[in-house]
Amino acid sequence: IPADHPYKIAWDVMTMIWALMGAYRTHTRIRDRVFDQSPLILLTEIWFTLDILLNFVTEHKTSKGQVIRDGKSVWARYLTTWFVFDLLSLIP
């Protein structure tokens, strides 16, 4: 998937909106001591799981501007950069 494709950019913007909404919702749920499972939480977990899967097939650009499309290189880069953080974000 090209990193600068309009759908990928829209996905990334929506992911940021989901993250901000999730942070706010988590804050209010902790403040109000409400710990039940809601459909929004399930949808958020599905969204971020799909985001992890998409990151395994999305090309990236190096600091020199070179586009990396090779599957192994894309996987290696993701596994050594953001994968751990993305995975930890799914843990409640």
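User: Which element gives the largest share of the nonpolar patch?

Analyst: In this predicted model, the largest share, five residues, comes from α1. The patch covers about 550 Å² of surface and is made by Ile9, Val13, Met14, Ile17, Met21, Leu40 and Leu43. The elements that give two or more residues to this nonpolar patch are α1 and α2.

User: What makes Ile9 count as partly exposed?

Analyst: Ile9, which is found in helix α1, has a relative accessible area of 42%. Partly exposed covers the range between under 20%, which is buried, and over 50%, which is exposed, and therefore Ile9, at 42%, is called partly exposed. A patch residue needs over 30% relative accessible area, and Ile9, with its 42%, is accordingly one of the residues that make the patch.

User: How do you know that Asp12 forms a salt bridge with Lys8?

Analyst: The closest N and O atoms of Asp12 and Lys8 are 2.8 Å apart, and a salt bridge asks for a side-chain nitrogen of Lys or Arg within 4 Å of a carboxyl oxygen of Asp or Glu, so the pair qualifies. Both residues lie in helix α1 (residues 6-31), where they are four residues apart, about one turn of the helix. The structure holds four salt bridges, and the one between Asp12 and Lys8 is among them.

User: Why is Lys8 called buried or exposed, and why Asp12?

Analyst: Lys8 has 8% relative accessibility, and because buried means under 20%, Lys8 counts as buried. Asp12, by contrast, has 32% relative accessibility, a value between the 20% and 50% limits, so Asp12 counts as partly exposed.

User: What is the nearest side chain of opposite charge to Asp51, and why is there no salt bridge?

Analyst: Asp51, which lies in helix α2, is buried, and the nearest side chain of opposite charge is that of Lys8, 4.5 Å away. The limit for a salt bridge is 4 Å, so at 4.5 Å the pair of Asp51 and Lys8 does not meet it. Leaving aside neighbours within four places in sequence, Asp51 is in contact with Trp11 and Thr15.

User: What makes Arg29 buried, and which residues does Arg29 touch?

Analyst: Arg29 lies in helix α1 and has a relative accessible area of 11%, which is under the 20% limit, so Arg29 is called buried. Not counting residues up to four places away in sequence, Arg29 touches Val34, Phe35, Asp36, Gln37, Ser38 and Ile41. With Asp36, the side chain of Arg29 also meets in a salt bridge (3.0 Å, N to O), whereas Asp36 itself, with a relative accessible area of 45%, is partly exposed.

User: How do you know that Glu59 and Arg69 meet in a salt bridge, and where do they lie?

Analyst: Their side chains are 2.9 Å apart, N to O, and this is within the 4 Å limit, so the contact counts as a salt bridge. The pair links distant parts of the chain, since Glu59 is in the loop between α2 (39-55) and β1 (60-61) and Arg69 in the loop between β2 (67-68) and α3 (71-80), ten residues apart. Glu59 counts as buried because its relative accessibility is 12%, while Arg69, with a relative accessible area of 61%, is exposed because that value is over 50%.

User: What is the mean pLDDT of the chain, and which elements have the lowest and the highest?

Analyst: The mean pLDDT of the chain is 88, and 99% of its residues reach 70 or more. Among the elements of the chain, β1 has the lowest mean pLDDT (84), and helix α4 (residues 83-88) has the highest (91).

Key:
Residues are numbered from 1 along each chain as its sequence is written. This is a predicted model: local features need pLDDT of at least 70, side-chain atom pairs count only at pLDDT 80 or more; totals for chains, interfaces and linings use all residues. Side-chain values use heavy atoms; hydrogens and water are left out. Buried means under 20% relative accessible area, exposed over 50%, partly exposed in between (1.4 Å probe, protein chains only). Patches are made of residues with over 30% relative accessible area and no salt bridge: like charges are joined within 9 Å, nonpolar side chains (Val, Leu, Ile, Met, Phe, Trp, Tyr) within 5 Å. Accessible areas come from the Shrake-Rupley method with a 1.4 Å probe; for residues, only the protein chains shown count as cover. pLDDT is the predictor's confidence in each residue, from 0 to 100. Lys and Arg count as positive and Asp and Glu as negative; His and the chain ends are not counted. Contact means heavy atoms within 4.5 Å.
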